[in-house]
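This briefing goes through one protein model by topic. Please have the sequence and the 3D view open while reading.

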Amino acid sequence: MGAIIGRPVIDSAGAVVGQVADVELTQDGPMLGQVQHALRLSGLIVVPRNTGRLFGYERGPGGQNPWLVRVIIRRLHRHSRYAGWDQVESIEQEVRLAVPATDLAPLSDLFQSQPHD
């Protein structure tokens with residue numbers, strides 16, 4: 001996965017969207033030794049420029065994390081996007097998307113709140 005981090009991301013129109021900053025893995029692959037499911041690459045976190053390190057605050061509610069830190073980091077990453085694996089056309093020197101950049105979800109959309117009982 002490390003070979004993907006930092007690669008430029010190009011949308012279906014040929015426009016530079018940014019670079020890969022992180023990957024999303026989903027644990028739903030085949031069973032490994034009857035212990036756990038294998039991981040698969042399910043998406044890419046795309047940032048428009050070098051906005052610093054991702055800490056996870058930009059993706060969800062943050063729980064009990066410091067609100068000021070969360071607000072600052074979300075502001076820094078407000079233009080960062082999520083590309084689902086089904087939106088990726090190819091990975092070579094750059095990551096080519098099969099969709100325009102406008103079809104990519106904001107990172108804040110990755111978190112879906114669950115109703116509380």
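Strand β2 (residues 16-32) and strand β3 pair in the antiparallel sense, with ten bridges between them. The model is a predicted one. The pair belongs to an open sheet of seven strands with mixed pairing, in the order β5-β6-β1-β2-β3-β4-β7. At the edges of this sheet are β5 (88-91) and β7, each of which pairs on one side only.

**The β2-β3 hairpin**

- Within the β2-β3 pairing, Gln 27 is found opposite Leu 39 of β3.
- Three residues lie between the two strands of this hairpin, and Gly 33 takes a positive phi near 60° there.
- A salt bridge also joins the two strands: the side chains of Arg 40 and Asp 28 meet at 2.7 Å, N to O.
- Arg 40 is in strand β3 and Asp 28 in strand β2, so this pair, twelve residues apart, links distant parts of the chain.
- Arg 40 has a relative accessible area of 39% and therefore counts as partly exposed.
- Asp 28, with a relative accessible area of 42%, is likewise partly exposed.

**From β3 to the β7 edge**

- Strand β3 (residues 36-47) also pairs with strand β4 (residues 81-84), in the antiparallel sense and over four bridges.
- In that pairing, Leu 44 is placed opposite Ala 83 of β4.
- On to the edge, β4 pairs with strand β7 (residues 105-106), again in the antiparallel sense, over two bridges.
- Arg 81 has Pro 106 in β7 as its bridge partner.

**The β1-β6 pairing**

- Strand β1 (residues 8-10) and strand β6 (residues 95-97) run parallel and are joined by two bridges.
- Ile 10 is set opposite Arg 96 of β6.
- The side chain of Arg 96 forms a salt bridge with that of Glu 94, at 3.2 Å, N to O.
- Arg 96 counts as partly exposed because its relative accessibility is 33%.
- The structure holds two salt bridges.

**Nonpolar core**

- There are 14 residues in the largest nonpolar core, and Val 9, Leu 44, Val 95 and Leu 97 have the most contacts inside it.
- Two or more residues of this core come from each of the elements β2, β3 and β6.
- Which residues does Leu 44 touch, not counting those up to four places away in sequence? They are Ile 4, Val 20, Asp 22, Val 23, Arg 81, Tyr 82, Ala 83, Val 88 and Val 95.
- Among these contacts of Leu 44, Ala 83 is also the residue that stands opposite Leu 44 in β4, and Val 95 is one of the core residues with the most contacts.
- As a general point for reading the sheet, side chains in a regular strand alternate between the two faces of the sheet.

**Ser 80, ahead of β4**

- Ser 80 is located in the loop between α1 (67-76) and β4.
- Is Ser 80 buried or exposed? Its relative accessibility is 0%, so Ser 80 counts as buried, the cut-off for buried being under 20% relative accessible area.
- Apart from its neighbours within four places in sequence, Ser 80 is in contact with Val 46, Val 47, Pro 48, Ala 105, Pro 106 and Leu 107.
- Of these contacts, Val 46 and Val 47 fall within the residue range of β3, while Ala 105 and Pro 106 fall within that of β7.
- Pro 106, a contact of Ser 80, is also the bridge partner of Arg 81.

Technical notes
Residues numbered from 1 in each chain as written. Predicted model: local features only at pLDDT ≥ 70, side-chain atom pairs only at ≥ 80, totals over all residues. Heavy atoms only, no water. Pairing = 2+ DSSP bridges. Buried < 20%, exposed > 50% of the residue type's maximum accessible area, 1.4 Å probe, protein only. Contact = heavy atoms within 4.5 Å. Salt bridge = Lys/Arg side-chain N within 4 Å of Asp/Glu carboxyl O. Core = buried A, V, L, I, M, F, W, Y, C linked by side-chain atoms within 4.5 Å.
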